[in-house]
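Please open the structure in your viewer and keep the selection panel at hand. The stops below are arranged so that each selection leads to the next.

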Amino acid sequence: MQNFKKAELYGSWTAFLAAATVYILTVEPTAGFWDTGEFITAAYKLQVGHPPGAPVYMLLGRIFSLFAGSPERVALSINIMSALASAFTIMFLFLTITHLARKIAIPANNCTTLQIITVIGAGFTGALAYTFTDSFWFSAVEAEVYALSSLFTAVVFWAILKWEDSAGQPGSGRWLILIAYLMGLSTGVHLLNLLAIPAIVFIYYFKNYPATFKGFLKASAIAVLLLVAVMYGIIQGFVVAASYFELFFVNTVGLPFKSGVIIYLLLIITALIAALIYTRRRNMPVLHTIFLGITVMLIGYSSYTTIVIRSHAGTPMDQNSPDNMFSLLSYLNREQYGDRPLLYGPYYNAPITGEYQRRPAYIQKEGRYMPVSRPTGYHYDNRFKTLFPRMYSPDPAHIDAYREWGRIEGREVEVTHEDGTTETIVRPALTENLRFFATYQLGHMYLRYFMWNFAGRQNDIQGHGRLLEGNWMSGIHFIDQQRLGSQYGLPDHLEKNRARNRYYMLPLLLGLIGLLYHIQKNKKDAWVVFLLFFFTGIAIVIYLNQTPYQPRERDYAYVGSFYAFAIWIGIGVLAVYDNLRHYVKGLRGALAAVLIPLIFIPGNMAIQNWNDHDRSGRYTARDMAVNYLESCAPNAILFTYGDNDTFPLWYAQEVEGIRTDIRVVNLSYLSTDWYIDQMKKQVYESAPLPLSMTRDKYLPGTREIIYLFDQVPVPLNLHDALEFILSDDTVNKLQISETEFTNYLPGKTLTLPVDPFHILNTGTVEPGRAHLIEPEMEWYIRRNFMTKSDLALLDIIATNNWERPVYFAVTVPSAEMLGLHNYLQLEGMAYRLVPILKQEMGRFTGHVNTAAMYSNVTEEFKWGNIYDPAVYLDETHRRMGSNLRNILARLAGNLAQEGRHDSAAVILDLAVDKLPHETIPYNYFIIPIIENYYLIGEGDKASALANRKADLLRKEMNYYISMHRRFRPYIEHELNSALALFRELLTTVSGNDWELEYQLNNEFNSYYQMLMER
């Protein structure tokens, strides 16, 4: 056994080094898209990120950032933290597999060399298979919480196995205390770790009690209750109780702020110390361990004091401002993201029958906590409620998806409204509700991800159920052909997609073999692993209750489940050896049983996944952020909207110190009081935002919605409109009930007088374009309401009075621009607000300032290796690159219209060289590139691109037309899009290249005829 322990120790560190080498070689060198820029920013300067926060991750990230050497390498240092955490996860997975495998293969203390080889081989196979899984590798090379969260789960599961080995021996309880502490600490990273509790409970049960049906039911109930108690009783309940104490002692007793929290903490500490002393003196080891576990769990959970402390410090990024118990509670409960029904609730079309007031929000005012708003909750018609509600969102797009995935027919129910009118509404059936759960939530949003990791993946295009996007595939043609159609002759963008990974279902098969073998050899351990698999996978699906059309793939949330399945992949090696040893004896049999799975499963997964997980050399997100910032004039205000046009910019400013004179304003956050408060503060070189609203005008529950009506025949001056909206006089409000009034605006057309001399003095418009300045701006808001964010935006525009440049990122949705489109001026990756009315016709937003934009693009823009075929760009990066190609084509077109053909040629060449098809596949936006080449007399370049695009379209059309008829309804969108693009290409070539035009015309007519015949 000593030899085994030595082999296990060396093997675990070998697994760690192998995984660490892989992850460090492929780690992203800077911030990426989505949340990574925000996490790096939060860690580097200990700032407050999005709810529910990750203080432990933040503190560890700060430590790693100290070794960066320069701000430019901070992101790499924190990304390496994820790589090392992931490598340690692999190490503990190896130890977990060998522990479980040893119980099967080495039942006695004496072990043979063959047994050691098979058990260690099982550990390597399972651990390395997980090393190269799609989802885990994705999280291992970026600054996200999931790598560190996985490490906590791995250590906790390994620790309970160590307790199992030492149970009954003196000091064995320390493992349970360690687990409790790690779970408390892990809440400062992510709550996923708590889902290991049921597996832990059953290991404890199987070790201490004989397994009976009654005992099994009791243990199941205890496991679920303990999980609920920790999640809601300790994690959330601790802060809820503290908030009640704070409210009582401040508002009722009249003590200063924070006094209630201090009293509460003193009582908790005193009670725990008393309980520990009492149980120790009375020799009550079980209760003593429980109280000690609660104590250390709370010590670990106390990492959240970091969030409160840093919020008090007023950091530039201080999301939700959780500086008191009430805002902290809202922060921890993720209230800004809304709630969802879980076990019982309404369908998406349930009629509202009444309202109620939820828990109020509080602010600190005059030495007390004052309630400022009570969010409205709704009562629904009981006939439209159901157990286990899965289809609940009233969003029209979600409803369409419910109907598609759930195949809803329902039954008609007559509903009588308060005004006496009746309406017939189709109520979904419970079976349809469950069908949506099975097909979309379980099938599409979990099993599809599971198969990505253990069967193979079609591509990295986000899938919403389309045949050609983001499905799983095996690489075995007859299986894939039945599900996805022929896999021969695929369009170029699908065939060459780097995430087209084929595992031939080998990891899945070995894992299933391992599962069955585990059940056969050790049912108790198999059940424990299954609980880990279920609660970190399917239970999360049930709890999240996700709506359709998620903004990104969510596979990273289920890596704990894939971890558990990797254990069975390792156990599967024992099954292979157990059967192979009858045919191949001795050492040869053991080596074959280990090496064959090791080569064909982890080895093949490494080969298949390397090119779409290697992020080394990818600076795209960081450089796109720089391009947004460098598109703006000094001291600008830049409005953004989503994660990918905000978080990378925060990273660029906060970490690398790029263009800190610009104030980045996220319009999604601008509807909250805490964010408006922060915008009124100086940050680095950026002065406070020009806002006239005082705090009482935008408190929670105040002016959340402003209704818009077309009741006045003349436009409203913007300043007058704001004064009307900000008025608290009921004369200027809309009465919606006997006691309730709400703000509104009687007109949708707004005007803003313009002083041309002031415009020129502030540099808003160059002197050479002074004749284009409008004496008055006039625009129409094509909506029936405004939000608080819209109100703040208009207030900034009015109060700013052109003193600071105002920009919108090109990625801001048009609906968020409030009808100002015709006064926007493209200067790069941002539109500048100017009092110049758009002159050019067409679908484009605003007009182009060719001089400013040409200078920005040629002198300031960075490209982040987006042009390098060796650098992997996923769908998000390709979409950003495609947007960049579009704005470059627009700039070139405007330069050509101005007669600046040489400058247009420079931009077009830049678009072709920096955004090649190999990295940013040619889509619709290559058409204006071709058109503009023709326009400036570069016919050879235009025709070469046109021929290249024609070849791509031919292959695409031929594939779609050759598809079996049962797949045709699922590719109508792709087929019609390809045909429309072919016609667009033909139109572009017409009159410019007669030979190519003739060829394309014949081909188009041929394709069109085939479609008509079909």
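Select Glu 335 in this predicted model: with a relative accessible area of 36%, Glu 335 is partly exposed. Add Arg 359, whose side chain forms a salt bridge with that of Glu 335, at 2.4 Å from N to O. Arg 359 is likewise partly exposed, its relative accessible area being 37%. Displaying the backbone shows where the two partners sit: Glu 335 belongs to the loop between helix 14 (325-332) and strand 1 (344-346), and Arg 359 to the loop between strand 2 (352-357) and strand 3 (361-365), so the salt bridge ties together parts that are 24 residues apart in sequence.

Next, select Glu 654 and Lys 45, whose side chains meet in a salt bridge with an N to O distance of 3.7 Å. Which parts of the chain does this pair link? Glu 654 is in helix 25 (residues 647-654) and Lys 45 is in helix 2 (residues 36-45), so that distant parts of the chain, 609 residues apart, are linked. Is Glu 654 buried or exposed? Glu 654 is buried, at 10% relative accessible area, whereas Lys 45 is partly exposed at 28%.

Proceed to Asp 909 and Lys 941, a salt bridge of 3.1 Å, N to O, between side chains. Asp 909 is in helix 32 and Lys 941 in helix 34 (residues 939-962); the pair therefore ties together parts 32 residues apart in sequence. Both are partly exposed, with relative accessible areas of 23% for Asp 909 and 33% for Lys 941.

Extend the selection to the whole of helix 32 (residues 901-914), which has 14 residues and reaches 20 Å from its first C-alpha to its last, close to the 20 Å expected. Its buried residues include Ile 907, Leu 908 and Leu 910. To see what surrounds them, show helix 30 (850-860), helix 31 and helix 33 (926-935), against which the buried residues of helix 32 pack.

Keep helix 31 (residues 875-897) and add helix 24 (residues 620-630): their axes come within 11 Å and cross at roughly 35°. The crossing is left-handed. At the contact, Thr 620, Ala 621, Met 624 and Tyr 628 of helix 24 meet His 877, Met 880, Gly 881 and Leu 884 of helix 31. Classified by residue type, this contact comprises 5 nonpolar and 3 polar residues, with no charged residues.

Terms used. Residues are numbered from 1 along each chain as its sequence is written. This is a predicted model: local features need pLDDT of at least 70, side-chain atom pairs count only at pLDDT 80 or more; totals for chains, interfaces and linings use all residues. Side-chain values use heavy atoms; hydrogens and water are left out. Axes are lines fitted to C-alpha atoms, for helices over the stretch in contact, and angles run from 0 to 180 degrees between N-to-C directions. Helices (H or I, at least four residues) and strands (E, at least two) are DSSP runs, numbered from the N terminus. A crossing is left-handed if the near helix is turned anticlockwise from the far one by less than a right angle, and right-handed if clockwise. Contact means heavy atoms within 4.5 Å. Ala, Val, Leu, Ile, Met, Phe, Trp, Tyr, Cys and Pro count as nonpolar, Asp, Glu, Lys and Arg as charged, and the others, Gly among them, as polar. The expected span of a helix is 1.5 Å times one less than its number of residues. Buried means under 20% relative accessible area, exposed over 50%, partly exposed in between (1.4 Å probe, protein chains only). A salt bridge is a side-chain nitrogen of Lys or Arg within 4 Å of a carboxyl oxygen of Asp or Glu.
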